[in-house]
Amino acid sequence: MKERTGYPSIDKPQKKYYKKKPVRELNTNQTMYRMVFDSNKDNMDWHAISYMKKEFTYAELKKMVDKAANSFAEDGIREGDVILVGLSNTPEAIISLLALNKIGAISKWFDIRASKSTIEEYIDQNNCKYIIALDLLIERVKNTKQIDRVKKVYVVSPVEMLGAPFRAFYRLKSGIRIQKNQKYIFFKDLLSRNAKDAIESKYNREKPAIMIQSSGTTGKPKVIIHSNYSASSAVKKLSYSDLPIQKHKILLDLLPPWIAYAIGNAILYPLALGCKVILSPTFEPDAIMSYIGKFTVSMAAPFHYRYLRDHYEKVNRKEKKKFNNSAECFISGGDKITVEENKEFENIFKIPVINGYGNNEGWGCLTVNSVEHNHYGSVGIPKYNDVIVAWDVNDKKELPYKQVGEICASTDTMFLRYGNSEEDASSVKQMHPDGKVWLHTGDLGYIDEDGFVYLEGRMRRVIVRRGFKISAYTIEDKITEHIAVKECVTIQVRDREEEHVPMAFIVMEEGYQEEGVRTEIENKCKNEMKEYEIPKYFKFVSDLPYTSNGKYDFRRLEEKGEEIVSYLERN
């Protein structure tokens with residue numbers, strides 16, 4: 001037996017947990033479009049996606065993708081163009097992703113809760129001339145300052161793929177009325193055209209294929225650029241895990257499509273392996289209740305499973321029986337599940353709850369637990385042939401087992417670059433003494449003797465709310481734009497309803513008072529931030545505490561925040 005060196009990158013103790021052969025042999029040098037449909041040539045009659053009880057086979061999906069690709073090309077979209085995409089979990093999201101990929105256009109995904117000013121930033125960053133958006137976004141899009149130079153806006157209704165009663169009820173309830181014309185085109189009309197066949201883009205490993213608009217968890221929000229290779233390589237690597245994701249399994253996707261965890265892991269990964277993907281139109285905690293007994297595996301955030309745990313007694317006996325006969329595991333990401341929670345979940349649900357970890361820069365999953373060897377409290381082992389280390393940022397070296405350092409990954413699912421800040425990319429993609437470029441996550445943790453990764457906190461100031469990561473800097477920058485604000489520090493506090501929420505401590509400029517300004521600041525946040533970024537609590541103070549070396553004392557602010565919340569909840 002080979003003697004241990006004490007270093008995970010050399011010993012690779014996790015190798016014993018991988019399958020000897022992948023679930024499906026996959027060519028990693030292909031586009032996302034080819035990866036999904038070429039790998040399913042013998043599976044085209046199987047259902048690819050399910051949306052509100054409407055199902056589409058792989059053959060039907062391909063037909064719609066090809067029609068959309070032809071129509072996009074007819075409208076002037078060319079290889080290398082960046083298309084802004086603001087969609088939720090609808091069939092049109094997958095169709096748009098694969099159709100744009102087929103013709104070599106780059107889809108740039110963003111959170112549908114973005115404000116008008118934020119959408120304007122996204123358009124300017126890449127000079128986007130085409131937009132695909134949900135109907136509820138169209139008023140914001142229409143009012144952007146760049147709308148005159150936008151050539152086409154493709155409008156998606158979340159019920160357009162469903163029957164007439166659904167559509168009538170939706171229009172009545174939503175009150176949304178959009179007049180189609182040469183600029184505003186309904187997506188369903190796009191699919192009904194008989195446009196000539198578009199030229200399919202050739203694969204290029206270094207060519208940008210997709211952009212993820214980050215929420216700014218490492219500072220300022222960033223445009224994260226990935227290639228086709230990120231997607232195909234991730235599928236191949238995850239095919240060596242023992243996750244029950246393979247041909248004819250059914251995966252429930254409870255994640256928003258504008259994050260890599262969703263696009264890369266909950267959509268492209270199962271589709272490439274021949275699964276049926278159930279798209280949940282909502283991501284609220286209670287969404288999971290609607291699908292009990294209808295899937296074999298799910299990808300969601302911890303708050304979904306916590307909600308199910310707290311309301312499991314409401315699930316009727318028939319649905320529980322279906323669930324017990326079909327469900328094989330829950331997969332969780334976006335936030336940590338504690339050892340105690342994991343035990344409790346598995347005691348209630350009688351299936352493994354698999355914790356994973358990753359980020360948008362690494363194309364979602366960097367680590368995932370083993371179904372057969374689930375280590376509670378851990379976020380799992382690296383993907384097949386990836387290497388994860390705990391890094392000593394001062395001495396620039398790998399740390400041995402169980403020593404805490406910055407979690408760094410050597411993986412070929414790493415992003416190409418940032419779209420708006422090369423300087424930031426150089427701090428995240430760093431060359432190590434071994435001559436390899438490593439992804440620096442900004443998270444602290446360690447690796448145990450079995451190769452499992454454990455997280456211990458964050459080097460950067462990140463708040464996790466309902467599974468969404470929020471940069472404290474983003475909130476602070478927006479609030480300090482107000483003329484009356486001198487300083488602002490945002491911290492995370494525990495919350496009875498949402499687990500964790502942001503609290504903003506604000507110091508006013510001389511001559512201003514809280515009365516009269518608070519409402520202005522709150523309205524500014526509502527109008528210019530994503531809904532989940534808005535602080536739940538605003539605390540106006542005369543000054544902020546500092547540490548002995550002149551930095552903000554975040555620990556004291558966190559303690560003060562907890563005291564304030566505790567008092568408010570008691571009263």
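These legends describe close-up views of a predicted model.

**Figure 1. The whole chain, with its helices and strands.** The predicted chain comprises 17 helices and 28 strands. Its C-alpha atoms fit a box of roughly 70 × 70 × 55 Å, taken along the principal axes. The radius of gyration is 24 Å, which agrees with the value near 25 Å for a compact globule of 571 residues. Of these 571 residues, 61% count as buried. Contacts also reach across the sequence. Among contacts with a separation of 6 or more, 69% join residues 24 or more positions apart.

**Figure 2. Helix α3 packed on helix α4.** Helix α3 spans residues 58-74, and helix α4 spans residues 91-102. Their axes lie 8 Å apart, at an angle of about 55 degrees. That angle makes α3 oblique to α4. The crossing of α3 over α4 is right-handed. From α3, the residues in contact are L61, M64, V65, D66, A68, A69 and F72. They meet I94, I95, L98, A99, L100 and K102 of α4. By class, this contact holds 11 nonpolar residues, two charged residues and no polar ones.

**Figure 3. Helix α4 against helix α10.** Here α4 meets helix α10, which covers residues 260-272. The two axes come within 12 Å and cross at roughly 80 degrees. The helices are therefore roughly perpendicular. On the α4 side, the contact is made by I94, L97 and L98. On the α10 side, I263, I267, L268 and L271 take part. Seven residues of this contact are nonpolar, with no polar and no charged ones. I94 and L98 of α4 appear here, and I94 and L98 also appear in the contact with α3.

**Figure 4. T28 in the loop between α1 and α2.** The loop holding T28 runs between α1 (8-11) and α2 (32-38). Is T28 buried or exposed? T28 counts as buried, because its relative accessibility is 14% and the cut-off for buried is under 20%. Beyond its neighbours within four places in sequence, T28 is in contact with Y203, Y229, S232, S233 and K236.

**Figure 5. V159 in the loop between β6 and α7.** V159 sits in a loop that follows β6 (152-156) and leads to α7 (164-174). Its relative accessible area is 8%, so V159 is buried. Which residues does V159 touch, not counting those up to four places away in sequence? They are F166, R167 and Y170. A distance gives scale to the view. V159 and Y240 are 81 residues apart along the chain, and their C-alpha atoms are separated by 37 Å.

**Figure 6. Positive phi at M52 and N385.** Both residues have a positive phi without being glycine. Phi is near 50 degrees for M52 and near 70 degrees for N385. M52 is found in the loop between β1 (47-51) and β2 (54-57). N385 lies in the loop between β16 (381-382) and β17 (387-392). How exposed is each residue? M52 is partly exposed, with a relative accessible area of 31%. N385 is exposed, with a relative accessible area of 58%.

Technical notes
Residues are numbered from 1 along each chain as its sequence is written. This is a predicted model: local features need pLDDT of at least 70, side-chain atom pairs count only at pLDDT 80 or more; totals for chains, interfaces and linings use all residues. Side-chain values use heavy atoms; hydrogens and water are left out. Axes are lines fitted to C-alpha atoms, for helices over the stretch in contact, and angles run from 0 to 180 degrees between N-to-C directions. Helices (H or I, at least four residues) and strands (E, at least two) are DSSP runs, numbered from the N terminus. Angles under 35 degrees count as roughly parallel, over 145 as roughly antiparallel, 65 to 115 as roughly perpendicular and the rest as oblique. A crossing is left-handed if the near helix is turned anticlockwise from the far one by less than a right angle, and right-handed if clockwise. Contact means heavy atoms within 4.5 Å. Ala, Val, Leu, Ile, Met, Phe, Trp, Tyr, Cys and Pro count as nonpolar, Asp, Glu, Lys and Arg as charged, and the others, Gly among them, as polar. The radius of gyration is taken over C-alpha atoms; the globule rule is 2.2 Å times the number of residues to the power 0.38. Buried means under 20% relative accessible area, exposed over 50%, partly exposed in between (1.4 Å probe, protein chains only).
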